[in-house]
Every structure is written in structure tokens, then in C-alpha cells.
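User: Please take a close look at one part of this structure and describe how it is put together. The account is meant for a reader who is new to it, and it should set that part against the rest of the chain.

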Amino acid sequence: MTEPFSILLIGSGGREHALAWAIAKSPLCTRLFIAPGNPGTAQHGENRPDLSVSDHAAVVAFCRAEGVGLVVVGPEAPLVAGLVDDLQAAGIPAFGPTKAAAQLEGSKGFTKDLCAEHDIPTAAFARFTDLEPALAYLRARGAPIVVKADGLAAGKGVTVAETLPEAEAAVRAILDGTEGGALVIEECLFGEEASFFALCDGTRAVPIGTAQDHKRVHDGDLGPNTGGMGAYSPASIVTPEITETVMTRIIAPTLAGMAARGTPFSGILYAGLMLTAEGPKLIEYNTRFGDPEAQVLMPRLTGDLVPALLAAAQGDLSGVAIGFDASRAALTVVMAAQGYPGAVTRGTEIRGVEATGGDATVLVFQAGTRRDGDRLLADGGRVLAVTALGASVGQAKDRAYAAVKRIDWPDGFFRSDIGGREVAREAASKGD
């Protein structure tokens, strides 16, 4: 029987608020620190904005001083920077992949090469670091086509170009140095997207849920890609048969390939899928819980999250199972600051978040917020994730949008069609 211990959660977004909400409920968690945290995470633990996440020695020293028994790394940047490596070297259990394993998210080219090596179904692709060969490839292939910055881009480094000029502009933006110096050009897959999550310990993987994200900024999937404007879980299009295919053809060979390279993957493997006519294909990997997907996965948990995170961190998921409430769906609506995903105005006041309380089926996870005395202010692009549970996605959607209407924030905006496709599927299945 594991003795209770203190936990340090790294991050400050809506994902971290959802994780803090879930972790704080665990009887194993005696004290929860969040670095740097936000006003929402402060409801569940102690924010530590003074702790610099990029100063790995300081994080290790903090863990030792506070007797931290587990570090949970929320965002991708600290993973790619090797925070887990330094914690492990200090003997501190850390949930998340090492720097080498985090390349699955840190470099799209790395992942595409792994797919090619292990026959993992994905889009046909080519990698480039020089402008003229990339433009020549584009012109030979034509549009529609997908252009991706190779490195981290906060969910916004992808252009699905409908025309050749649009694709060429995206290539020039990346290879002219404004977004980095390497890219992947790949065929445009057709089908429906879904998010698939597996908890991994280096050799084993346990599927822990599905969701569908809404990346485009405007209704009808129009406008530029964002970090995510809303999501729902579960995704009914990911059938048990598709789950089996994903685990067998995508997740298992990825783990085997990473282990063979001497860089075993531990943590969350988040597969962005395209469900094509030929079967599920990998669009890309993230190596952490999604945002806003965590905001719909965490409320559906039926068990204790912490033992599973600790088991993954310790490299042994044997016997671990994470339960989800199959009778309830969750849907989240992201409220963003005007201008997102571009430049936004900070400091506008948000009122009425508390007015959504009093209902156990509604949760408001905070992301880009800060406190000014008693006032809650917007302090980022994606600001709130208004989440609701229901017996169906349709019921969760109705509850979430009802809660959104109770929030007084004239300077914010949101999509009005989150979950619309799933609601239509639910109606069709009932013959409505």
C-alpha cells in the first residue's frame, strides 16, 4: 500500500486546472503544488509562481525540500526541454516522457520517420529545410496539401492549404525563419478526426479515452487553426473495432519502435487520428494530455487518477485500469479573448464564473486568467473552458452553453457549434 505523498503539477492552463481538480481528489495526495498555476488551480492546491519551471535544478531542489513524491508535467515544452530526465536523475518520480521520447511531439519529422520505419499508417510526406526544394515539391503535388512546422507550435503550426498559393505562403513563413527552419509537407487526408489517448509505461499501453477537438476558430470549422475551441468525450466514431486497430497498428508499434531506439515512451500518448476510408491513420502525436481534451476526460473519470500516473512514472502499468463513466458524456466550450489565435487584449474583466456553480454537472476550468484583488481578468488567448456532463453529448452541450450564457465577459467569444456533429449522430441513432 503506497503511503500518501505531495505532488507537484507543472503548468498553468485549462489542462492543468482539470488535472489539479482530479489529482486533488485522490486520497494519495497530501498536498498539491502547481507551478506556476492559475486562479483556477489555486482552488485545489498551492500555486507556486515563484518556481521557474525552466530552472530544472530549482524544480529538483523544491521537490526535495517539500518531499514531493510525484511530479506531473502538464505542457509539452518542459517535456521537450528534458525536465523529466533531470527529475529521474535525482530519483524523483515524474509522469511524462524523457526529452528523447518527447520528440514524438517535439519533431513532426521524427514521428513521420518512425511511422515510415514501422509501417504505421499515416499520410504520405516529405521533409524539408530548404525553401526551393519544398516549393518544387508543392508544385509537383498540388493542393489541397498540408504544411506543418517541424517543432512545437502550440497547436497552430499547421496549415491545411486549399490552394497552391496558400501552401507556398505557409512554406515561406516557416523556412524564411518566422516559425523555425524545418517543415513537413504531407498529403491531405480525408475523413473525420478523433483524439485517442493511451497511458504508457515504456512497454505497455492502456487506452484511457477518446474525444473530438474543434481546432478551427470559427463555427463551421472555418478560420485558422487554434489550440482548440472545444471538445467532447467520448467520440462515438471510435468504435471498439477502431480502438483495436489503433492499439495494434499505431500505438503498439510506436512503443516498440521507441523502445528499440533506446528511448522508451512513458506518459500519455495522444494520437490525433484521421478516420479515413482505408482505416484510421495517424495525423500526429502529442506526448501529454490534450487541452481542451483533458477538460472532458477528467470529469468522466470514475477512479483515482494518481495511482495510474505513479505506476506509469515507475514503469509498471501491469494491473492498472482507469475507469470512465460510460453513462455520461462531457463537452467543453472554450471562451477565448477577441483576436485569438492572433494578438489579444489582456486585462478585461470576467464576471459570473461563480454563477455557473451549484450544479455538479458543470465545471469551469480556467486557463488564461489572473486575479486583481477580487476581480478575475483575462490574461491570454484561451481563457475559460466551460465544461458540462450529461447522459448524452447533446445534454452536455445544452448544459455547457447554458453555463456560458451566465458568464459576463463582453470581450470574449466562443464557437456555438461544439459537438454539433455528434449531436446529429445521436439524433440519427434515435430516429429523430
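Analyst: A residue is called buried when its relative accessible area is under 20%, exposed when it is over 50%, and partly exposed in between, with a 1.4 Å probe and protein chains only. Ala321 has a relative accessible area of 70%, and therefore it is exposed. The model is a predicted one, in which local features need pLDDT of at least 70 and side-chain atom pairs pLDDT 80 or more, while totals for chains, interfaces and linings use all residues. Numbering starts from 1 along each chain as its sequence is written, and side-chain values use heavy atoms, without hydrogens or water.

Ala321 sits in the loop between α11 and β17 (329-337); helices (H or I, at least four residues) and strands (E, at least two) are DSSP runs numbered from the N terminus. Between the C-alpha atoms of Ala321 and Thr163 there are 46 Å in space, and the two are 158 residues apart in sequence.

The part chosen for the close look is an open sheet. Its 4 strands follow the order β6-β9-β7-β8 with antiparallel pairing, where a pair requires at least two DSSP bridges. Strands β6 (125-128) and β8 (158-161) form the edges; each has a single partner strand, so one side of each has no neighbour in the sheet. From one strand to the next, the twist averages 20°. Within the sheet, β7 (residues 145-149) and β9 (residues 183-187) are joined in the antiparallel sense by 5 bridges. In this pairing Ala149 of β7 faces Leu183 in β9.

Two helices accompany the sheet. Helix α6 (residues 108-118) lies across β6, β7, β8 and β9, and runs at about 140° to β6; such angles, from 0 to 180 degrees, are taken between N-to-C directions of lines fitted to C-alpha atoms, for helices over the stretch in contact. Helix α8 (residues 164-175) also packs on the sheet, where it touches β6, β7, β8 and β9, and its direction makes about 10° with that of β7. Contact means heavy atoms within 4.5 Å.

Helix α6 has several buried residues: Lys108, Gly109, Phe110, Thr111, Lys112, Leu114 and Cys115. Just after this helix, Asp119 has a positive phi of about 55°.

Elsewhere, the largest nonpolar core (buried Ala, Val, Leu, Ile, Met, Phe, Trp, Tyr and Cys joined through side-chain atoms within 4.5 Å) has 46 residues, and Ile23 and Met298 have the most contacts inside it. Helix α11 (residues 305-313) gives the largest share of this core, 8 residues. Beyond its neighbours within four places in sequence, Ile23 contacts Ile7, Cys29, Leu32, Val72, Leu305, Val306 and Leu309. A separate core of 27 residues includes Leu114, Val238, Leu269 and Leu275; Leu114 is one of the buried residues of α6.

Outside the chosen sheet, strand β4 (residues 68-73) is mostly covered, with 6 of its 6 residues buried. It pairs with β1 (residues 5-11) in the parallel sense over 5 bridges, and Ile7 has Leu70 of β4 as its bridge partner. Strand β5 (residues 94-95) runs parallel to β4 and is joined to it by 2 bridges, with Val71 standing opposite Ala94.
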